[in-house]
Structures are given as structure tokens and as C-alpha cells.
Amino acid sequence: MESSANAMESTSNIAKIYLLQEDREKSFKQWPFSTDKQCSIQKMAEAGFYWHGTDNEIDIAACFVCGKELDGWEESDDPWSEHRKHAPQCPFVKYGRAEANLTCEEFVNLMMATLKMRFQNNYTTLKTNGKMLIEKKRKEMEKLLRTN
């Protein structure tokens with residue numbers, strides 16, 4: 001099991017928050033494991049994962065709350081165990097049970113944690129992109145000044 005370092009969300013997943021298990025299940029487009037395997041689509045979604053794969057790497061899944069991406073799944077991997085191992089700080093992992101078994105208060109807490117994580121990630125991305133753009137423009141201006 002490897003942790004994918006990709007911090008950017010694919011454009012097909014940007015608008016989705018995947019709060020509901022049903023939506024997470026629907027996200028799995030090319031999942032390589034059948035329903036009788038330990039890491040079936042249903043079990044992945046129950047453990048908080050949605051599909052974040054690509055045509056080249058179909059076994060990437062990310063948590064809807066903490067955003068942790070995992071790839072390199074094997075048919076015998078237990079989604080809850082892998083989630084706990086790689087993201088013990090995740091609020092969903094801390095509850096340790098499917099959304100259907102959460103109280104209303106717990107579900108609202110998860111929704112707030114999810115939105116907070118998304119806003120933080122978007123802010124970080126905007127800040128990084130802004131710095132890169134400023135640096136690019138600075139170099140262009142320096143080049144112009146040297147040529148004049």
C-alpha cells in the first residue's frame with residue numbers, strides 16, 4: 001500500500017464532496033476488485049473512500065473527509081484497516097463506523113471537517129499557484145529590463 005502524493009483533485013471529482021456512501025460507490029469507475037473481495041467498491045465506500053483513479057492508475061482512492069489518497073490496493077486489503085493505518089487522525093476513522101451508524105451530530109461534524117479540509121486545500125492551491133505566477137512574472141520583468 002502506497003500513499004499517493006498528488007494534492008490536486010482531478011477535474012471530474014472537484015465538484016463532489018462524497019458525503020454519502022451511495023455517491024462514493026457511484027464514483028468508482030474502473031475499480032479492479034469484484035464485490036466478493038475484501039476491498040470491494042461497497043467496502044471501500046463504507047470506509048470513506050471514493051475513486052480518485054485515472055485511466056493509467058485505476059486503484060487510487062481518497063477519503064472524503066481527510067483527503068488521504070491510497071493506491072496499490074490488493075484484493076485482500078481491508079479498507080478500514082488501511083484507512084486507520086495511513087490516516088489515524090481522520091475524523092471518520094476516529095468514529096470507526098459506517099455513516100449509516102453515525103448520529104446526526106457526528107454526521108454534521110464530519111460534514112464540517114470535510115468542508116474545512118476542502119477549503120484549506122483550495123486555499124493552499126491558490127496560494128501556491130499565486131506564488132508561482134508572481135515568480136514567473138518577476139522573471140519576465142527582469143528579462144525585459146536586461147534586454148533594454
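This passage describes an aspartate, the cysteines and a helix in a predicted model.

Asp-59 is located in the loop that connects strand E2 (49-51) with strand E3 (61-63). The residue is buried but takes part in no salt bridge. Lys-85, the nearest side chain of opposite charge, is 13 Å away from Asp-59, whereas a salt bridge requires a separation within 4 Å. The side chain of Asp-59 instead reaches a backbone atom, the nitrogen of Gly-72, at 2.9 Å. When neighbours within four places in sequence are set aside, the contacts of Asp-59 are Trp-31, Pro-32, Leu-70, Asp-71, Gly-72 and Trp-73. Gly-72 thus appears both in this list of contacts and as the partner of the Asp-59 side chain.

Zero disulfides were found in a search of the whole structure. For Cys-66, the nearest cysteine sulfur belongs to Cys-63 and is 3.7 Å away; a disulfide is counted only within 2.5 Å. Cys-66 is partly exposed, its relative accessible area being 21%. Cys-104 has a relative accessibility of 69% and therefore counts as exposed, the cut-off for this class being over 50%.

Helix H5 comprises 44 residues, numbered 104-147. At 1.5 Å a residue, a span of 64 Å is expected, and the C-alpha atoms at the ends of H5 are 65 Å apart, so the two values agree. Glu-106, Leu-110, Thr-114, Met-117 and Arg-118 are buried in H5. In an α-helix there are 3.6 residues a turn, so residues three or four places apart point the same way. The buried residues of H5 are covered by elements including strand E2 and helix H4 (91-95).

Definitions and conventions. Residues are numbered from 1 along each chain as its sequence is written. This is a predicted model: local features need pLDDT of at least 70, side-chain atom pairs count only at pLDDT 80 or more; totals for chains, interfaces and linings use all residues. Side-chain values use heavy atoms; hydrogens and water are left out. Helices (H or I, at least four residues) and strands (E, at least two) are DSSP runs, numbered from the N terminus. Buried means under 20% relative accessible area, exposed over 50%, partly exposed in between (1.4 Å probe, protein chains only). Lys and Arg count as positive and Asp and Glu as negative; His and the chain ends are not counted. A polar contact is a pair of N or O atoms within 3.5 Å; within protein, one must be able to donate a hydrogen and the other to accept it, and residues adjacent in sequence count only if both atoms are side-chain atoms. Contact means heavy atoms within 4.5 Å. The expected span of a helix is 1.5 Å times one less than its number of residues.
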